[in-house]
Amino acid sequence: MISSSTASRLRVLRPHPKPSAVVAGIPDSPSANQRRRRGSTDLSKEVDIEALIAISVGFPVDSLTEEEIEANVVSQIGGAEQANYIIVRNHILSRWRSNVDVWLTKDHALESIRAEHKNLVNSAYNFLLHHGYINFGVAPAIKVVKTKVFDEMPKGSVIVIGAGLSGLVAARQLVFLGFKVVVLEGRARPGGRVRTKKMSGTDGSVVGGADLGGSVLTGINGNPLGVLARQLGLPLHKVRDICPLYLPNGRMVNSDVDSKVEVSFNKLLDRVCKLRQGIMEEIRSVDVSLGSALEAFRLVYKVAEEPLERMLLDWHLANLEYANATLMSNLSMAFWDQDDPYEMGGDHCFIPGGNESFIRALAEELPIFYNCPVKSVQYGSDGVVVHAGRQEFRSEMVLCTVPLGVLKMESIAFVPELPQRKKDAIERLGFGLLNKVAILFPYDFWGGEIDTFGHLTDDPNMRGEFFLFYSYSAVAGGPLLIALVAGEAAVKFENMSPVESVNRVLEILKGIFSPKGIAVPDPVQAVCTRWGQDPFSYGSYSYVAIGASGDDYDILAESVDDRLFFAGEATNKQYPATMHGAFLSGMREAAHIMRVAKRNSIAPSEKLSSVNHESNDVNLGPV
């Protein structure tokens with residue numbers, strides 16, 4: 001259940017503002033007509049705007065990415081050629097971003113770039129195309145071209161394990177790049193930890209769509225899911241940052257006390273950050289939990305000593321536990337927020353109707369085998385053999401996109417075993433838990449002017465129990481509330497009965513609204529998640545545990561013997577625990593597989609085959 005990060009690593013609606021390199025609302029790149037007549041000042045402004053667009057996508061300001069260096073986009077690192085390449089790359093990128101419904105050709109890219117830079121256009125265009133920065137997605141014009149471009153250039157075969165976001169994105173890109181692909185999915189549906197549940201009453205008079213997993217598009221600037229939303233014509237609902245908090249007795253928290261504690265909480269985090277900057281070398285060898293560090297500073301500076309203030313502080317801690325899908329006592333003080341410098345800018349948004357719209361579009365026309373859980377992966381110099389159920393699939397390479405929780409549980413046997421370095425990273429990184437209760441009501445009794453409201457508790461151990469409510473009325477198609485369960489409460493929640501859970505939510509809602517004279521009606525339908533018990537995830541999303549670091553995400557992403565590759569949010573150091581992080585990891589590995597195939601000159605495969613042990617060979621044919 002991939003959540004989302006805000007400007008402060010807090011994935012909810014009370015962002016702790018801090019400076020960002022990305023300006024919200026970056027304009028689209030200038031049109032061709034605007035480019036025809038321009039002075040040096042106009043050109044400089046255009047270059048600056050295009051640079052901001054590139055930054056929003058994740059490119060550094062004045063240097064190359066590791067992928068660009070690996071792709072040899074320039075003959076020499078540094079110098080004038082690299083500077084010109086970056087300008088050309090940014091121009092091509094922003095040109096396509098201005099109209100993501102069309103296929104940007106190399107000729108179009110050349111139109112407004114001087115002829116002497118044609119070689120740089122070739123280099124930048126090919127890099128952006130093959131790495132999925134341009135001409136990606138599900139727009140009709142894009143799909144038409146992608147079915148034709150590499151038909152005559154097969155490069156080999158790849159088995160993709162998992163039909164979540166990263167697996168679907170990688171599979172589509174690999175097909176485009178000329179590979180023969182098959183996707184094996186253990187569930188009966190695509191999407192993985194992105195799941196939209198259609199809810200309704202028995203008579204169908206009230207309906208709604210609840211995102212039980214990944215829900216919020218976090219930072220729309222540069223976000224590839226924002227591109228998909230534009231291509232699909234999906235409106236974006238900005239998550240409003242008004243979040244009233246309610247006491248256990250139903251009263252709204254005094255705004256002055258609320259602001260005071262929020263400021264104190266952010267100061268505590270700042271003090272921890274300053275402390276670790278001064279002792280970084282020491283804590284690399286002896287890490288401690290973020291929770292213990294915050295509590296130490298709280299005691300020293302006498303923060304939240306009054307009961308009301310302590311409840312408010314606990315709410316913010318629950319919010320932080322939601323952000324990281326784990327207890328404060330599990331988080332690395334040194335590296336818990338290592339991804340902060342990379343976060344996407346712009347608004348945080350819901351997709352009306354749910355994120356399943358993305359999944360359906362990405363899964364379309366892909367060869368996906370459902371109800372096909374993978375048991376083992378054998379890899380070696382002669383290729384890959386994947387055992388799924390009673391079938392055996394063979395290919396040149398395999399891309400594993402299963403969640404970190406599945407790798408931790410060793411649900412898939414790798415033969416030979418994974419390198420110790422990778423197994424250590426799997427053990428060090430954390431994989432946490434967030435659960436939800438989605439309730440469809442006969443009508444909206446809470447009011448449509450807010451998207452969230454919070455609930456405080458006087459039990460610190462249960463501070464994450466239904467501490468935050470999302471109102472989906474504006475996007476679900478019906479009066480839908482989703483209550484979040486984080487931290488220790490999320491773990492205990494897994495063992496509660498659904499009836500008990502729903503009754504507890506109703507009790508809280510009645511405590512908030514009954515004193516206002518607002519009756520809370522009986523639910524039309526309710527759904528409780530149990531992501532920790534899901535055998536295809538064993539949790540929600542990754543976090544940096546004590547003793548781990550951002551480097552472990554990179555280690556998890558490393559390929560093995562040019563045969564076995566890995567993608568998924570837990571392989572993305574820059575954007576872990578997010579839907580767009582999963583998406584981008586799929587694109588990254590598709591490009592990686594292409595580079596390896598070229599380097600090793602893997603012979604084209606005539607077919608992927610499966611063997612049914614109860615019958616003769618079954619020819620799947622070219623995919």
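What follows is a walk through the structure above, from its overall make-up to its cores and its cavities.

Keep in mind from the start that this is a predicted model. The protein contains 21 helices and 24 strands, and of its 623 residues, 59% are buried. If you look at contacts between residues at least 6 apart in sequence, you will find that 75% of them join residues at least 24 apart. On the outside, the protein exposes about 25,000 Å², and 52% of that area comes from carbon and sulfur atoms.

Let us now step inside. In soluble globular proteins, nonpolar side chains tend to be buried together. Here, the largest nonpolar core has 72 residues. The members that touch the most others are Tyr 85, Ile 92, Leu 165 and Phe 179. Helix α21, which spans residues 579-600, gives the most to this core, with 9 residues. Another core lies apart from it and has 54 residues, including Val 253, Leu 313, Tyr 322 and Val 475.

It is worth pausing at Ile 92 to see its surroundings. Beyond its neighbours within four places in sequence, Ile 92 is in contact with Leu 104, Ala 109, Val 121, Ala 124, Tyr 125, Leu 128 and Ile 134.

A charged residue makes a good next stop. Glu 321 belongs to helix α13, which runs over residues 307-324. Is Glu 321 buried or exposed? Its relative accessible area is 4%, so Glu 321 counts as buried, the cut-off being under 20%. Apart from its neighbours within four places in sequence, Glu 321 is in contact with Thr 326, Leu 327, Met 328, Arg 463, Ala 486 and Gly 487.

Finally, we come to the empty spaces. The structure holds 4 cavities of 30 Å³ or more, and the largest of them contains about 80 Å³ of space. Its lining is made by 14 residues, of which Val 402, Leu 404, Ala 567, Ala 570 and Thr 571 are the closest to its centre. By class, the lining of the largest cavity comprises 9 nonpolar, 3 polar and 2 charged residues.

The second largest cavity has a volume of about 50 Å³. Around the second largest cavity you will find Val 57, Arg 97, Gly 132, Tyr 133, Phe 136, Gly 222, Pro 224 and Leu 584 as lining residues. These divide into 5 nonpolar, 2 polar and 1 charged.

Methods
Residues numbered from 1 in each chain as written. Predicted model: local features only at pLDDT ≥ 70, side-chain atom pairs only at ≥ 80, totals over all residues. Heavy atoms only, no water. Helix = DSSP H or I, 4+ residues; strand = E, 2+ residues; numbered from the N terminus. Buried < 20%, exposed > 50% of the residue type's maximum accessible area, 1.4 Å probe, protein only. Contact = heavy atoms within 4.5 Å. Areas by Shrake-Rupley, 256 points an atom, 1.4 Å probe, with all protein chains shown as cover. Core = buried A, V, L, I, M, F, W, Y, C linked by side-chain atoms within 4.5 Å. 1 Å grid on protein atoms, 1.4 Å probe; cavity = no way out; pocket = protein on both sides within 12 Å on 5 of 7 lines; lining within 4 Å. Points joined across faces, edges and corners; volume = space filled by probe spheres on them. Nonpolar A, V, L, I, M, F, W, Y, C, P; charged D, E, K, R; others polar.
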